[in-house]
Amino acid sequence: MSSLSNALIAAVGQIVESMYFRQAVYSGPSTLDASVISASVSFSGPLTGKFRVALTSRLARELTADFLVAEPSEILPSEVISTTRELANIACGTVLSAWLPSAAFDFETPQDLETGHTPDCFAHTFALSCGDPDMGVDIRIGS
Amino acid sequence: MTRVLVVDDSPVMRRYVARSLTMTGLEVSIYEAGNGSDAIAIASDIRPDFVITDLNMPGMSGSELVARMHADPGLRRVPVLVLSADRGRSRASELLDAGAVAYLTKPATPELLRHTLMTALGGRP
């Protein structure tokens, strides 16, 4: 496994634990077999690329409730989207600094991606909730 | 009551920071802004005791906010904490040189936010 993949897996695990008090179990490449909410962050510097996070709708709602210390039923759709953007933002910064500690990057404001069922296979998936992969993470260098 | 201005384009991050401060028992009044321009206007009006700002925001960024506040005689004594997802060491140095009192990376725990605020205010809260 590449050093970038190792950095990504370690960073996602650290973020999920510190932000949401959950354990992220790495599941390898996979497709999320559900409707998803996703966001991406473009970065530039020594390397240019894009970082993408996708969550199943159920997990996105659960994580938002955890983050805001609220009941899932109280969470607004806009808060779910905003939390997913913030997760992408934080994960991107953490992964790149873990991979290239001395490099300086500029980050764009996180963007929403099309929601709904995605046929994409993610290079890295994690299970946080029900045992099946419910988080997908991709990083693309040189886009 | 300590007046804290929280500046972030993400509403959920503003809510997270506000909740983090209040849940640790601090007696604070929270004011919110979604970018640096709004933050300058609010800060000029309310004269906050402390500002917590994101870095990457549409319009005026956190870097520019720190510089503008440092150049304003009425605001330069207000401590500014930068809270960002950017973990680059050089970025933190730039912000501290520009006048920020601290630079924390997201997600900062409630305890760390409280400790940083209390240290910057000399234990006042």
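Okay, so let's walk along chain A from one end to the other: the pattern you get is α-β-β-β-α-α-β-β-β-β-β. Keep in mind that this is a predicted model. If you tally up the secondary structure of chain A, you get three helices and eight strands.

Now, what about overall size? Along its principal axes, the C-alpha trace of chain A spans about 45 × 30 × 25 Å. Is that chain packed up or stretched out? Well, for 143 residues, a compact globule would have a radius of gyration near 15 Å, and chain A comes in at 14 Å, so the two agree.

Next, the inside. How many of the residues of chain A count as buried? It's 42% of the 143. And here's one about who touches whom: take the contacts in chain A between residues at least 6 apart in sequence, and 69% of them join residues at least 24 apart.

Right, on to the partner, chain B. The contact takes 21 residues from chain A and 17 residues from chain B. Which parts of chain A are involved? Three helices each supply at least two residues to the side that touches chain B: H1 (3-20), H2 (57-68) and H3 (77-99). H3 of chain A gives the most, with 11 residues. And if you sort that side of chain A by class, you find 10 nonpolar, eight polar and three charged residues.

So when you look at the structure, start with H3 of chain A, the one that gives the most to the side touching chain B, and then pick out H1 and H2, which also supply residues there.

Technical notes. Residues are numbered from 1 along each chain as its sequence is written. Chains are lettered from A and ligands numbered from 1 in the order in which they are written. This is a predicted model: local features need pLDDT of at least 70, side-chain atom pairs count only at pLDDT 80 or more; totals for chains, interfaces and linings use all residues. Helices (H or I, at least four residues) and strands (E, at least two) are DSSP runs, numbered from the N terminus. The radius of gyration is taken over C-alpha atoms; the globule rule is 2.2 Å times the number of residues to the power 0.38. A residue is buried if 20 or more other C-beta atoms lie within 10 Å of its own, exposed if 12 or fewer, and partly exposed in between; C-beta atoms are placed from the backbone. Two residues are in contact if their C-beta atoms, placed from the backbone, lie within 7 Å. Ala, Val, Leu, Ile, Met, Phe, Trp, Tyr, Cys and Pro count as nonpolar, Asp, Glu, Lys and Arg as charged, and the others, Gly among them, as polar.
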